[in-house]
2 protein chains.
Amino acid sequence: MNVLEKIVSSATSFSKSERKVADIILANPQITIHSSIAALAKMADVSEPTVNRFCRRLDTKGFPDFKLHLAQSLANGTPYVNRHVEEDDGPEAYTAKIFESTMAALDTARQRVDINMINRAVDVLTQAKKISFFGLGASASVAHDAQNKFFRFNVPVVCFDDIVMQRMSAINSSDGDVVVCISHTGRTKNLCDIAAIARENDATVIGITAYDSPLARECTLVLSLDVPEDTDMYMPMASRVAQLVLIDILATGFTLRRGSKFRENLKKVKDSLRGSRFEKKDFTN
Amino acid sequence: MNVLEKIVSSATSFSKSERKVADIILANPQITIHSSIAALAKMADVSEPTVNRFCRRLDTKGFPDFKLHLAQSLANGTPYVNRHVEEDDGPEAYTAKIFESTMAALDTARQRVDINMINRAVDVLTQAKKISFFGLGASASVAHDAQNKFFRFNVPVVCFDDIVMQRMSAINSSDGDVVVCISHTGRTKNLCDIAAIARENDATVIGITAYDSPLARECTLVLSLDVPEDTDMYMPMASRVAQLVLIDILATGFTLRRGSKFRENLKKVKDSLRGSRFEKKDFTN
DNA sequence: CGATTTGTTGTAATTTAATTACAAGACAAC
DNA sequence: GTTGTCTTGTAATTAAATTACAACAAATCG
């Protein structure tokens, strides 16, 4: 937990004067790290020892040490301590908050992801006879995106966002086929059924879903992404971005496993687009 | 440029003693930020003023200020200096690199994005009679995702990834309709045509695309996202994530503009899923 | 309701750390 | 070999942070 978050969470245990200090610091974190203890005390209208005591309460060695911790918190980019969008946020505020919360979500995803599982998933995918991506709702667009990546690898790839098609496809699957089921919650009944059906037909089922969810239990192999979702907006946001990055990782693992010669193939796919595009005038991206 | 990088890059301009200081700091950055100037001087076997001069040479106000900058550099965590995936990277390396490069891309996107344009786009979207999202290839899944968000707002939303449908839809558009064209490069001919057609028919065309691209020139309003794309893999990766976050921002702006009562509506949409899902056993997400 | 204790806050003294001024030494150029 | 410049360290100074202690406020208990 970074210092800024710590200040917020231990707010209740502060005394009156300490709260004044906390308020000033939260309001001007950037100014704080460039201020002396005297300047900060003056801003908060308290004495210098009070500031010092405040720092100690936050498990730092003293004011200079506290500034160090604060600087690190800020570097991790938390201009908005509360990253949740609020009713009266202006465009500047909500734009920054959404970028920040998405980045924070990716960071926790990175820390929690199981490299071993990724490696096994890449193994399975590179050996697949056929790969199917299934998702519903918001996860359907992730499935489409996955198809857009994996079709380049010259492997049969399908993608369905229709439960009937998914079901038929699952029933027709067999040994060597890989089915990737994508669901943030992992509690969508239809998708669980499909995972079960695919498994009964000897397909390998990879789940990109929440750890220990009903869907996860139906899968051969689970890539869990426990990302804190901002539920205020009632829309999947960060979770879906993390899923996409995971798809990128699997696709990258796939290409690396296949070696450099294979990469030439990808270049061809990309070059094939040239005719449909306006030429670049210069080398800027 | 962060301080650590600065130390490396200005290595040539250091004197003999300053180099000693630089070496010690680069070797033990974590220890440095918790040391006094005296301790560091002793470690580097130089005098205290030498350390101070070293700090000044790096455009910091003095030793404490230098430590602050150093702390921030360390917090920003660049475990992989080179974030590009390489031939012989193992799963651990490429996973970390892809997460990191995606986060870095989002960070530059955040810095470069034009808040003013976002605000105008939200304006236009909230007043739209009908909203259409068009994308091709990788951008098609972004368009689908946008549809998945915006349909919740009780506004007529369509999404096409088929140029014939897009064309027909564009021709049928009229004043008050908003067409959102999504393309990373902004050089896909078909999509440019469609933007032009939509504009001829009095629709407002919002482009989520590269600044000053052919597509951008056809749009009423451009949300440019100049994200450094990792082209090694010949696949769109970071750009597409940035586009999704932009969609999230527009959707959020939309809901905020509509006020709190409208948010109840979104909750209803979300609650409607309950029947199709397994119940949560606890409150973990 | 008053006395006592506990906790909070500020003043002043002290200690510690960082910076400056200056002088000695090293090195290069003439 | 001498002069000038650049580098480095010593000692003095200044600035900053911390500690010790006293005054005050609030809460607890008789």
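Let's start at A:Thr209. Not counting residues up to four places away in sequence, A:Thr209 touches A:Ser183, A:His184, A:Thr185, A:Gly186, A:Leu215, A:Ala216, A:Val222, A:Leu223, A:Ser224 and A:Leu225. Contact here means heavy atoms within 4.5 Å. A:Thr209 sits in strand β4 of chain A. Strands are DSSP runs of E, at least two residues long, and helices are runs of H or I of at least four, both numbered from the N terminus. A:Thr209 has 2% relative accessibility, so it counts as buried. The cut-offs: buried is under 20% relative accessible area, exposed is over 50%, and partly exposed is in between, with a 1.4 Å probe and protein chains only.

What do the polar atoms of the A:Thr209 side chain lie close to? One is 2.7 Å from the backbone oxygen of A:Ser183. The backbone nitrogen of A:Gly186 is 3.4 Å from a polar atom of that side chain.

Before I go on, the ground rules. This is a predicted model, where local features need pLDDT of at least 70 and side-chain atom pairs count only at pLDDT 80 or more, while totals for chains, interfaces and linings use all residues. Residues are numbered from 1 along each chain as its sequence is written, chains are lettered from A and ligands numbered from 1 in the order in which they are written, and side-chain values use heavy atoms, with hydrogens and water left out.

Now the sheet. Chain A holds an open sheet of five strands, ordered β2-β1-β3-β4-β5, with parallel pairing. Two strands pair if DSSP finds at least two bridges between them. Which strands stand at the edges? They are β2 (157-160) and β5 (221-224) of chain A; each has a single partner strand, so one side of each is left without a neighbour in the sheet. On average, neighbouring strands of this sheet are turned by 15° against each other, direction ignored.

Look at one pair in detail. Strands β1 (residues 130-135) and β3 (residues 177-182) of chain A run parallel and are joined by six bridges. A:Phe133 has A:Val180 as its bridge partner in β3(A).

Two helices lie across these strands. Helix α10 (residues 163-171) of chain A crosses β1 and β2 of chain A, running at about 150° to β1(A). Helix α11 (residues 189-200) of chain A lies across β1, β3 and β4 (204-209) of chain A, at about 165° to β3(A). Axes are lines fitted to C-alpha atoms, for helices over the stretch in contact, and angles run from 0 to 180 degrees between N-to-C directions.

Stepping back to the whole chain. Chain A has 14 helices and five strands. It has 285 residues, and 53% of them count as buried. Among its contacts between residues at least 6 apart in sequence, 65% join residues at least 24 apart.

Next, helix α13 (residues 238-258) of chain A, which is the place of A:Ile247. A:Ile247 is buried, at 0% relative accessible area. Leaving aside neighbours within four places in sequence, A:Ile247 is in contact with A:Val142, A:Asp145, A:Ala146, A:Phe150 and A:Ile208. A:Ile247 and A:Gln147 are 100 residues apart in sequence, yet 9.7 Å apart in space, C-alpha to C-alpha.

Over to chain B. B:Arg240 is in helix α13 (residues 238-258) of chain B. Is B:Arg240 buried or exposed? B:Arg240 is buried, with a relative accessible area of 1%. Its side chain makes a polar contact of 2.3 Å with the side chain of A:Asp145. Another polar contact, of 2.7 Å, goes to the side chain of A:Asp248. A polar contact is a pair of N or O atoms within 3.5 Å; within protein, one must be able to donate a hydrogen and the other to accept it, and residues adjacent in sequence count only if both atoms are side-chain atoms. Residues that B:Arg240 touches, beyond four places in sequence, include A:Lys149, A:Leu244, B:Ala138 and B:Val142.

Last, the DNA. How many residues surround DNA strand C? There are 17, and the closest are A:Ser15, A:Ser17, B:Ile37, B:Asn52 and B:Arg56. Sugar and phosphate make up 74% of the strand C atoms that come within 4 Å of the protein. Near means that a heavy atom of the residue lies within 4 Å of the strand.

Now the phosphate oxygens of DNA strand C. A polar side-chain atom of A:Ser15 lies 2.3 Å from one. For A:Thr50, a polar side-chain atom is 3.0 Å from a phosphate oxygen of the strand. α5(B) gives the most to the surface near DNA strand C, with four residues.
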